[in-house]
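Work through these exercises with the model open in your viewer. Try each task before you read its solution.

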Amino acid sequence: MLQYNSKQKIIAQTINSDTSLSQWRDWKWQLRHTVRSVESFEKLLGVQFDHDEKSTLIKTLSKFPLSITPYYLSLIDTDDYKNDPIYKQSFPVISETLITDHEMKDPLAEDKDSPVKGVTHRYPDRVLLQVSNTCAMYCRHCTRKRKVGDMDSIPCTEEISLGIDYIRKTPVVRDVLLSGGDPLLLSDENIDWILTELHNIPHVEIVRIGTRIPVVLPYRITDSLIDVLKKHPPLWINTHFNHPKELTSSSKEAVRKLADAGIPLGNQTVLLAGINDCPEIIKKLVHQLVKNRIRPYYLYQCDLSEGLDHFRTPVGKGVEIMERLIGHTSGFAVPTYVIDAPGGGGKIRVMPQYLISWSTNKVILRNYEGVITSYTEPTDYDSITCDRNCDTCKLNTELDDASEYKAIGIEKLLLDWDKTVSLIPEDNERISRRENEH
Ligand code: SF4
C-alpha cells in the first residue's frame, strides 16, 4: 500500500492541512505547490537562513528562478541540508552570480547552430527540437539558463510547427531529440501531436525525449501519458539522475512504467563538485540505474555556462571515476564520459587510455588491473579498398547511396576514396604566408 513518508506528510500538511496522499501524488497538485521563494522553502523545510544570507539568496533568484516540487524537496535531509545533494542541485548559492572570464551564456553555441528558432542542427543526421522551456525543478547547474524558466520565450505551437517543418524539409535528419526545458511538462495532447507529426515524416527513424521528470516529478508518468508514449515507437527516453538518493520508490515506479511500455531508457549524469564527484557515488548510481532498467549513457563534464564555476570539477576527476568503473563493473553499467565542446563542436569522449603502443604486427594494451598485454594482428587480413562502388564490392553490402556520402572531419583522412591529406585550421599562418608569397 502506498504511504507518505514522514517528511512528505509534514510538507503536505504545511501546504494545506487537508492534503491527501492522492493529492500529493497528483502531478498537477505538485506543480501548483512548487516552492518558488526562499520564504516558502524555509517554511516547508522548517529551516531558517539569517537575514544577510537570505538577502544574497534572493539576489540570485533574479538571475535564475527557484522551483522545487514538494516531492523533490521532501528528499532533502533537513538535519544536514547544506551538504545535501538534492539541496545543492535545487537551491541557489551566491556563487551563481559570479561570472568568470571563460564562462558563456551559450557555451555550446546552440543558438548559432540554429537554422530556425527552437532547432539546433549540429550533427549530420540528428537535430534537437526545443519544445518547452519550463521545468518542474530548475537545476542550479542547468546549461540552458539563458532560456529555461524565461516566461517570455516559451515555444508556442507555431514555433514548434516551424521546427517540425524544418525537419520535414531536411531529409538527412533521421533522429530527433525533443528537449527543453522539459518536454514531459507539456500536456498529453501536445506530446501526442508532436510525436504524431514527427512519426509522419518518412525520414525520421527515431525520436528521443530528454527529461528530468522521473527524478523530480515522478507522478507525471501517469497511465494516460504512458498510453500516448506507447503509440509512437521507436521512442527512446533519456533521463537525468545525478545521485543514488534520487532513486526513490516513486521514481523507480515511474521508470518501471516507462520500461514496461517498451521504451528504452538511458541516463545522463552531470559530474558536479560537492554532489557526486566521487567514484563510489557514481558506482552506486550506475548500479541502481541498471537495476531499474536504465542504461547509464553519458557522464557529462559540467559546461562553461555562466555562474557554474562552483559546480565544475577538474577533468581528471572524471577520468579517475571512469578508471574506477571500467573493468570494475559490468560494461553496460559504464557511461561514456564526455565534454561538450565549448563553441559548439559537440560531445568529445574523454576516457582513460588503454592502447599503450603498437607495431605492424602487435598492439600493446593495458587493462584495469594494470596488466600489460599484447594482441597479435592477423597475418593474412585481406584489406578492402573502398571506391564506393558497392555493386562490385565483395562485402555484398548493396548500399545504393554510398556514392552520395559526404565525408567530414577526421573521417576524410581515413577514407580510401577521399584525397584529403591534412585538415588545416582556417587561420593557419604558414598557409596564409604561402598564399601571400604566390
Ligand atoms: S531539467 Fe534540464 S533543462 Fe530543466 S533545469 Fe534541469 S538541467 Fe535545465
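## Exercise 1: Domains

The protein chain is divided into domain 1 (6–92), domain 2 (119–349) and domain 3 (397–437). These bounds come from an automatic or database domain assignment. The model is predicted: local features need pLDDT of at least 70, side-chain atom pairs count only at pLDDT 80 or more, and totals for chains, interfaces and linings use all residues. Residues are numbered from 1 along each chain as its sequence is written, and side-chain values use heavy atoms, with hydrogens and water left out.

**Task.** What distance separates the centres of domain 1 and domain 3?

**Solution.** Take the centres over C-alpha atoms. The separation is 54 Å.

## Exercise 2: The nine-stranded sheet

**Task.** In what order do the nine strands of the open sheet lie, and which strands stand at its edges?

**Solution.**

Step 1. Find the strands. Strands (E, at least two residues) and helices (H or I, at least four) are DSSP runs, numbered from the N terminus. Two strands pair if DSSP finds at least two bridges between them.

Step 2. Read the order. It is β1-β2-β3-β4-β5-β6-β7-β8-β9, with mixed pairing.

Step 3. Find the edges. β1 (119–123) and β9 (346–349) each have a single partner strand, so one side of each is left without a neighbour in the sheet.

Step 4. Add the twist. Neighbouring strands of this sheet are turned by 30 degrees against each other on average, direction ignored. The axes are lines fitted to C-alpha atoms, and angles run from 0 to 180 degrees between N-to-C directions.

## Exercise 3: Pairs within that sheet

**Task.** In which sense, parallel or antiparallel, does β8 pair with β7, and in which with β9?

**Solution.**

Step 1. Recall the rule. Strands of a sheet pair through backbone hydrogen bonds, either parallel or antiparallel.

Step 2. Take β7 (residues 294–301) and β8 (residues 336–341). They pair in the parallel sense over three bridges. Tyr-300 stands opposite Val-338 in β8.

Step 3. Move to β8 and β9. Here the pairing is antiparallel, over four bridges. Ala-341 has Gly-346 of β9 as its bridge partner. The two strands form a hairpin with four residues between them. In the turn, Gly-343 has a positive phi of about 95 degrees.

Step 4. Check the other end. Three bridges join β1 to β2 (residues 126–130), and the two run antiparallel. Tyr-123 is bridged to Arg-126 in β2. This hairpin has two residues between its strands.

## Exercise 4: The three-stranded sheet

**Task.** Which strands are the edge strands of the open sheet of three?

**Solution.**

Step 1. The order is β10-β11-β12, with antiparallel pairing.

Step 2. β10 (355–358) and β12 (372–376) each pair on one side only, as edge strands. The average turn between neighbouring strands of this sheet is 25 degrees, direction ignored.

Step 3. Three bridges join β10 to β11 (residues 362–366). Leu-355 stands opposite Leu-365 in β11.

## Exercise 5: The ligand and unusual backbone

**Task.** Which residues surround the ligand, and where is Gly-181 in the fold?

**Solution.**

Step 1. List the shell, counting a residue if one of its heavy atoms lies within 4 Å. It holds Cys-135, Met-137, Tyr-138, Cys-139, Cys-142, Val-148, Gly-181, Arg-212 and His-240.

Step 2. Place Gly-181. It lies in the loop between β3 (175–179) and α9 (188–199). A cis peptide bond joins Gly-180 and Gly-181, with omega about 20 degrees.

Step 3. Look for another cis bond. The peptide bond from Pro-233 to Pro-234 is cis, with omega near -5 degrees. Pro-234 is in the loop between α11 (223–230) and β5 (235–239).

Step 4. Check phi. Ala-109 has a positive value of about 50 degrees although it is not a glycine. Ala-109 is in the loop between α7 (85–90) and β1.
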